[in-house]
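Below are my comments on the chain you asked me to look over. They are set out as numbered points, to be read with the structure open.

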Amino acid sequence: MIAVPRALVAEALGVAETALPPGDLPLDRLARRFLAYLAAGNDDDPPPADHPDAWTFALIEALTRDHPDLALAATRAALTACETPDDIAVVAAGPLEDLIATHGAGLIDEIETLALRAPRFAYALTGVGLAALGAHAAL
């Protein structure tokens, strides 16, 4: 099972490792909590800043910015945890779109492979805005 190293979580959140629970953060746990955070809001009203899982958004942003391979794994875990097409759409238009916009060129081979082998991932790609794809619009 893939996990986010505890030191990386601490760095991304700007806290000491000792402030975190012991051990690395399993991606399936991060995914479930991230989806709970996203579900607390909608297009017109984002989740509250004091939501108990707001930290997951900051962590996903940091992974997307600085650790694209881990961000892709986290996004795949989130897609796996989605229960409805609407959940998938939120992940597609959020972290997946951000990841492609930021690191699409470096991840294109893996994205294409996943699109061929993972139907849920391929479906999620249909929710990524074309502007985010840029030069990768051939996906």
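The points go from the chain as a whole to single residues.

1. Status and overall make-up. The model is a predicted one. The chain contains 7 helices and 2 strands, and their order along the sequence is β-α-β-α-α-α-α-α-α. With a radius of gyration of 15 Å against the 14 Å given by the globule rule for 139 residues, the chain is as compact as a globular protein of that length. The C-alpha trace spans about 45 × 30 × 25 Å along its principal axes.

2. Burial and contacts. Of the 139 residues, 41% count as buried. If one takes the contacts between residues at least 6 apart in sequence, 61% of them join residues at least 24 apart.

3. Surface and charge. About 7700 Å² of the chain is exposed, and 54% of that comes from carbon and sulfur atoms. The side chains include 8 positive and 20 negative ones. The centres of these two sets are 9 Å apart.

4. Helix 1. This helix runs over residues 6-13, and its buried residues are Leu8, Val9 and Ala10. What covers these buried residues? The cover includes both strand 1 (3-4) and strand 2 (25-26), together with helix 3 and helix 4 (68-81). Just after helix 1 comes glycine 14, which takes a positive phi of about 70°.

5. Aspartate 53. This residue sits in the loop between helix 2 (27-39) and helix 3 (54-66). Is aspartate 53 buried or exposed? Its relative accessibility is 8%, so aspartate 53 counts as buried, the cut-off for burial being under 20%. Leaving out residues up to four places away in sequence, aspartate 53 touches Arg33, Ala36 and Tyr37.

6. The aromatic pair. The structure holds 1 aromatic pair. Tyrosine 37 and phenylalanine 57 form this pair, which is tilted, with 6.0 Å from centre to centre and 45° between the planes. The pair links distant parts of the chain, since tyrosine 37 belongs to helix 2 and phenylalanine 57 to helix 3, 20 residues apart. Tyrosine 37 is buried at a relative accessible area of 10%, whereas phenylalanine 57, at 36% relative accessibility, counts as partly exposed. Tyrosine 37 is also one of the residues that aspartate 53 touches.

7. Threonine 75. This residue is found in helix 4. Threonine 75 has a relative accessible area of 1% and is therefore buried. Which residues does threonine 75 contact, leaving aside neighbours within four places in sequence? They are Val91, Pro95, Leu96 and Leu99.

8. Leucine 99. The last residue named in the previous point lies in helix 5, which covers residues 85-117. Leucine 99 is buried, with a relative accessible area of 1%. Not counting residues up to four places away in sequence, leucine 99 touches Thr64, Pro68, Ala71, Leu72, Thr75, Gly104 and Leu107. From leucine 99 to glutamate 112 the separation is 13 residues in sequence and 14 Å in space, taken C-alpha to C-alpha.

9. Threonine 113. Helix 5 also holds threonine 113. Threonine 113 counts as partly exposed, at 32% relative accessibility; the range for that class lies between 20% and 50%. Its C-alpha is 23 Å from that of glutamate 83, and the two residues are 30 apart in sequence.

10. Arginine 120. Helix 6 (residues 119-125) is the place of arginine 120. At 38% relative accessibility, arginine 120 counts as partly exposed. How far apart in space are arginine 120 and cysteine 82, C-alpha to C-alpha? The distance is 9.7 Å, for two residues 38 apart in sequence. Cys82 is also among the contacts of arginine 120 once neighbours within four places in sequence are left aside, along with Leu79, Thr80 and Ile88.

How values were computed:
Residues numbered from 1 in each chain as written. Predicted model: local features only at pLDDT ≥ 70, side-chain atom pairs only at ≥ 80, totals over all residues. Heavy atoms only, no water. Helix = DSSP H or I, 4+ residues; strand = E, 2+ residues; numbered from the N terminus. Buried < 20%, exposed > 50% of the residue type's maximum accessible area, 1.4 Å probe, protein only. Contact = heavy atoms within 4.5 Å. Rg over C-alpha atoms; globule rule 2.2 N^0.38 Å. Areas by Shrake-Rupley, 256 points an atom, 1.4 Å probe, with all protein chains shown as cover. Lys, Arg positive; Asp, Glu negative; His and termini not counted. Charge placed at Lys NZ, Arg CZ, Asp CG, Glu CD. Phe/Tyr/Trp six-rings, centres within 6.5 Å; stacked < 30°, edge-to-face > 60°.
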